[in-house]
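Here is a short report for a reader new to this structure. Look at the sequence and the model first, then read on.

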Amino acid sequence: MNFGIIAAGQGSRLVQEGVALPKPLVNIDGKPMIGRLIDIFVRCGAESVSVIVNEEMTEVARFLRNLAPSLQCPLNILVKTTPTSMHSFYELSSLMEGKGRYIITTVDTIFREEDFSRYVDAYRAAPVGIDGMMAVTSFIDDEKPLYVATDEDMRITGFLDTPREDAKYVSGGIYGLSQSAIPVLAECLQQGVGRMRNYQRALVGAGLDLQAYDMNKIVDVDHASDIASAEAFIRGEA
């Protein structure tokens with residue numbers, strides 16, 4: 001399995017709230033959050049890890065370059081400023097072309113390692129016909145959550161801006177996809193689609209077989225107050 005991390009955002013809300021470090025380097029339980037993600041991916045058997053950072057994040061790029069020699073798999077570092085997270089997703093997906101199934105996360109997605117490991121194992125074991133497996137959660141703390149509608153077999157039937165009876169989960173910012181998802185992404189960019197949620201809707205519209213995987217609780221670090229909450233969560237205190 002190959003893994004990717006989108007770490008190209010500005011983290012402007014954290015800066016406004018007095019957090020001096022770039023978001024990927026903010027410590028979560030004593031470790032930069034991007035380093036924590038990479039360590040988890042390696043322990044999950046990563047064949048490679050690819051990371052995109054914007055051109056202003058020189059500290060983050062330096063951290064990654066210093067980390068790379070100590071890893072047990074290749075670390076691909078892409079320094080490029082993109083207009084949206086979906087464009088960043090496209091850049092990482094391009095690196096995954098021809099490599100089978102892959103998983104991409106956002107850098108501020110915080111989860112317990114044991115939950116993520118079970119998700120990776122489930123995706124590896126999924127039938128060949130499954131085009132993707134998205135991690136979802138029933139814990140909602142996002143300001144604009146993306147609701148995920150599923151059928152009784154946990155197949156994804158839609159991505160929604162508002163809740164409804166068959167959408168008890170929200171997207172966890174963890175995207176497991178296969179090669180069949182890459183052409184849909186390229187077509188979305190050609191059509192001027194600029195939001196990840198609209199790309200996910202396009203995957204359903206294209207008839208891809210997407211599975212939802214309930215990963216229990218997943219949290220995001222968007223505000224300074226989220227840091228302590230995330231640390232308590234991964235320590236099992238919340």
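Glu113 has a relative accessibility of 26%, so this residue counts as partly exposed. The value comes from a predicted model, as do the others below.

**Salt bridges**

Salt bridges that share partners join Lys23, Asp108 and Asp222 into one network. How many salt bridges does a search of the whole structure find? The search finds twelve.

One of them involves Glu113. The side chain of Glu113 meets that of Arg43 in a salt bridge, at 2.8 Å from N to O. This pair links distant parts of the chain. Arg43 sits in helix H2, Glu113 in helix H5 (residues 113-125), and their positions lie 70 residues apart. Arg43 counts as exposed because its relative accessibility is 54%.

Another salt bridge pairs Asp29 with Arg235. The closest N and O atoms are 2.8 Å apart. Asp29 lies in the loop between strand S2 (27-28) and strand S3 (31-32), while Arg235 lies in the segment after H8. The two are 206 residues apart, so to speak of distant parts of the chain is fair. Asp29 is partly exposed at 38% relative accessibility. Arg235 is partly exposed too, at 44%.

A further salt bridge brings together the side chains of Asp39 and Lys31. Lys31 has a relative accessible area of 33% and is partly exposed.

The table lists these three pairs.

| Salt bridge | N to O distance |
|---|---|
| Arg43 and Glu113 | 2.8 Å |
| Asp29 and Arg235 | 2.8 Å |
| Asp39 and Lys31 | 3.1 Å |

**A buried acid without a salt bridge**

Glu231 belongs to helix H8 (residues 224-234). This residue is buried, yet has no salt bridge. Which side chain of opposite charge is nearest to Glu231? That side chain is Arg235, at 4.3 Å. A salt bridge needs a nitrogen and a carboxyl oxygen within 4 Å.

Glu231 has a polar partner elsewhere. Its side chain reaches the backbone nitrogen of Asp29 at 2.7 Å. Leaving aside neighbours within four places in sequence, Glu231 is in contact with Asn27, Ile28, Asp29 and Gly30. Asp29 thus appears twice: Glu231 reaches its backbone nitrogen, and Arg235 forms a salt bridge with it.

**Strand S11 and its partners**

Is strand S11 largely enclosed or open? Eight of its nine residues (169-177) are buried, so the strand is largely enclosed by the rest of the structure.

S11 pairs with strand S6 (residues 102-106) in the antiparallel sense, over four bridges. In that pairing, Tyr102 has Leu177 of S11 as its bridge partner. Strand S8 (residues 132-137) also pairs with S11 in the antiparallel sense, over six bridges. Here Met133 has Gly176 as its bridge partner in S11. Strand S9 (residues 147-150) is antiparallel to S11 as well, over two bridges. Val148 stands opposite Tyr169 in S11.

In a regular strand the side chains alternate between the two faces of the sheet.

**Gln200 in helix H7**

Helix H7 (residues 196-205) holds Gln200. Is Gln200 buried or exposed? Its relative accessible area is 2%, so Gln200 counts as buried. Beyond its neighbours within four places in sequence, Gln200 is in contact with Met134, Leu146, Phe159, Ser171 and Tyr175. Ser171 and Tyr175 fall within the residue range of S11, 169-177. Met134 falls within that of S8, 132-137.

**Cysteines and the segment beside Val42**

How many disulfides does the count come to? The count comes to zero. Cys73 shows why. Its sulfur is 11 Å from the closest cysteine sulfur, in Cys44, which is too far for a bond. A disulfide would need the two sulfur atoms within 2.5 Å.

Cys73 is buried, at 8% relative accessibility. Cys188 is buried as well, with a relative accessible area of 4%.

Cys73 also meets helix H2 (residues 33-43), where Val42 lies. The C-alpha atoms of Val42 and Cys73 are separated by 7.2 Å, though the two residues are 31 apart along the chain. Apart from neighbours within four places in sequence, Val42 is in contact with Leu71, Gln72 and Cys73.

Definitions and conventions: Residues are numbered from 1 along each chain as its sequence is written. This is a predicted model: local features need pLDDT of at least 70, side-chain atom pairs count only at pLDDT 80 or more; totals for chains, interfaces and linings use all residues. Side-chain values use heavy atoms; hydrogens and water are left out. Buried means under 20% relative accessible area, exposed over 50%, partly exposed in between (1.4 Å probe, protein chains only). Two strands pair if DSSP finds at least two bridges between them. Contact means heavy atoms within 4.5 Å. Lys and Arg count as positive and Asp and Glu as negative; His and the chain ends are not counted. A polar contact is a pair of N or O atoms within 3.5 Å; within protein, one must be able to donate a hydrogen and the other to accept it, and residues adjacent in sequence count only if both atoms are side-chain atoms.
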